[in-house]
Amino acid sequence: SDGMSDYEKIFSIYSFVAENAEYDYDAVLLLGDVAENGLTEEYQLVLDGLSGINTRYIAITGNHDIRLRLYSQSSERFKEFANALNQDESMTEMHHSEVINGYKFITLGSDRTEFEETYLSEEQLAWLDDELHGENGNLTFVLCHQPLKLTHGLPDTWNSPSETAGSVGKQNDELFDILKKYDNVVFLSGHLHTGFADFLYEEKEGVHLVNVPSFSIENKTGEYNEAGLGFIAEVYKDELIFRARDFAKGVWVPEHDIKISIK
C-alpha cells in the first residue's frame with residue numbers, strides 16, 4: 001500500500017503467502033536473487049515472511065546474492081540462510097542435490113563472484129553429469145538462476161545485442177550439452193524479470209526450459225507482470241503441470257499454465 005517502504009512491501013508479499021497457503025507444499029523453490037545486496041537483514045526479512053509455511057525449501061543463489069562482496073563471505077551467508085529455512089545444516093556447497101517424493105532436485109550455483117552471469121567449474125559440470133546419469137531418464141529438476149542463451153526471448157528480453165546476455169554465460173554450451181543427453185530434464189531458471197507472457201516455457205532439443213517471474217518485485221514485461229507471481233507444480237504419471245498463480249492476490253491465472261508431457 002502507499003507509504004510502505006520497499007522492504008515492507010516485500011515482507012507483506014511473503015507473509016501473505018505464508019498466512020494464506022491453501023496447500024501442504026512438498027517443497028518451496030527459491031530460484032535466486034533472494035536478496036538485493038546479499039545482506040543478512042534482507043535474508044532475515046525473507047525468513048520472517050516465510051516462517052508460516054512448514055515445508056522443505058530448496059534455495060539457490062542468484063547474481064544479486066553473491067556479486068557485491070568476497071565470495072567466501074557471500075556464499076557462507078547464503079548457506080546460513082538456506083539452512084535456517086530448513087532448520088538443519090544440509091547445504092554445505094552452492095551446488096547440491098536432494099530427493100523429494102522420489103524426484104531429484106539438482107541445484108547449480110556460481111563457483112566464484114560474478115556480476116551478472118554464473119561460473120560453473122569443470123568439477124561442478126562433471127558432478128551434474130554424474131547426478132543426471134544416475135537418474136537414468138527419470139523426471140529430474142535442475143535449478144539455475146540464469147537461463148540458457150538464446151532461450152526465453154534472449155537476448156531481446158535482456159535488451160542487449162550480445163548473444164550471451166542474460167544467460168548462464170561462458171559455460172552455457174557445456175551445460176546444455178550435459179542437459180540434452182538425458183530424458184525428462186526440466187531446467188528451471190529466473191533472472192529475466194518477465195511476468196506471465198510468451199517466454200515462460202520452451203523445449204530445446206528435448207530439454208524442458210521453464211523461466212519463472214520475479215516474485216517480490218514487479219516484472220519488467222508480460223501481459224500479467226505484478227509482484228507476487230509464481231507457479232505451483234503438480235506431477236502426474238505422464239504429465240507435469242506448472243499452475244500459474246498470483247500469490248499476492250491469492251488467485252489462479254490458468255491461461256498461463258504450463259503442461260509438459262513426461263516420457
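## A buried pair: Glu-135 and Lys-104

Glu-135 and Lys-104 are both buried in this structure, which is a predicted model. Their side chains meet in a salt bridge, with a distance of 3.5 Å from N to O. Because Glu-135 belongs to helix H5 while Lys-104 belongs to strand E4, this pair ties together parts that are 31 residues apart in sequence.

Why does Lys-104 count as buried? Its relative accessibility is 12%, and the label buried applies under 20%, so Lys-104 falls within that class. The side chain of Lys-104 also makes a polar contact of 2.9 Å with the side chain of Glu-131. When residues up to four places away in sequence are left aside, Lys-104 touches Ser-97, Glu-98 and Val-99, as well as Glu-131, Glu-135, Leu-139, Thr-140 and Phe-141.

## Other salt bridges

In the whole structure, a search finds 17 salt bridges. One of them joins the side chains of Arg-67 and Glu-116, at 3.3 Å from N to O. Arg-67 sits in the loop between helix H3 (63-66) and helix H4 (71-86), and Glu-116 in the loop between E4 and helix H5 (122-135), so this salt bridge ties together parts that are 49 residues apart in sequence. Arg-67 is buried, with a relative accessible area of 17%, whereas Glu-116, at 30% relative accessibility, counts as partly exposed.

Another salt bridge, at 3.5 Å from N to O, is made by the side chains of Glu-76 and Lys-79. These two residues are 3 residues apart in helix H4, which means that about one helical turn separates them. Glu-76 counts as partly exposed at 38% relative accessibility, while Lys-79, at 16%, counts as buried.

## The open sheet

An open sheet of 6 strands follows the order E3-E4-E5-E6-E8-E7, and its pairing is mixed. Which strands stand at the edges of this sheet? They are E3 and strand E7 (201-204), and because each has a single partner strand, one side of each is left without a neighbour in the sheet. On average, neighbouring strands of this sheet are turned by 20° against each other, when direction is ignored.

Strands of a sheet pair through backbone hydrogen bonds, and the pairing can be either parallel or antiparallel. Both arrangements can be followed from E4: E3 and E4 run antiparallel and are joined by 5 bridges, whereas E4 and E5 run parallel and are joined by 4 bridges. In the first pairing, Ile-100 stands opposite Tyr-103 in E4; in the second, Ile-106 has Val-142 in E5 as its bridge partner. The hairpin of E3 and E4 has 2 residues between the strands, and there Asn-101 takes a positive phi near 50°.

## Faces and helices

In a regular strand, the side chains alternate between the two faces of the sheet. Strand E3 (residues 96-100) has a covered face made up of His-96, Glu-98 and Ile-100, and an uncovered face made up of Ser-97 and Val-99.

Helices also lie against the sheet. H5 lies across E3, E4, E5 and E6, and runs at about 175° to E4. H6 packs on the sheet as well, where it touches E5, E6, E7 and strand E8 (207-211), and the direction of H6 makes about 145° with that of E6.

## Nonpolar cores

The largest nonpolar core has 24 residues, and within it the residues with the most contacts are Phe-141 and Phe-242. At least two residues of this core come from each of E5, strand E6 (185-189), strand E9 (229-235), strand E10 (239-246) and strand E12 (258-261), and E10 supplies the largest share, with 3 residues. Apart from this core lies another, of 21 residues, which includes Tyr-43, Leu-50, Ile-53 and Leu-85.

Which residues does Phe-242 touch, not counting residues up to four places away in sequence? Among them are Phe-141, Val-186, Leu-188, Val-210 and Phe-231, together with Ile-258 and Ile-260.

## Ser-162 in its loop

Ser-162 has its place in the loop between strand E5 (140-143) and helix H6 (172-179), and it counts as partly exposed, at 35% relative accessibility. Ser-162 and Leu-150 are 12 residues apart in sequence, and the C-alpha to C-alpha distance between them is 9.9 Å.

Key:
Residues are numbered from 1 along each chain as its sequence is written. This is a predicted model: local features need pLDDT of at least 70, side-chain atom pairs count only at pLDDT 80 or more; totals for chains, interfaces and linings use all residues. Side-chain values use heavy atoms; hydrogens and water are left out. Buried means under 20% relative accessible area, exposed over 50%, partly exposed in between (1.4 Å probe, protein chains only). A nonpolar core is a set of buried Ala, Val, Leu, Ile, Met, Phe, Trp, Tyr and Cys residues joined through side-chain atoms within 4.5 Å. Contact means heavy atoms within 4.5 Å. Two strands pair if DSSP finds at least two bridges between them. A polar contact is a pair of N or O atoms within 3.5 Å; within protein, one must be able to donate a hydrogen and the other to accept it, and residues adjacent in sequence count only if both atoms are side-chain atoms. A salt bridge is a side-chain nitrogen of Lys or Arg within 4 Å of a carboxyl oxygen of Asp or Glu. Axes are lines fitted to C-alpha atoms, for helices over the stretch in contact, and angles run from 0 to 180 degrees between N-to-C directions.
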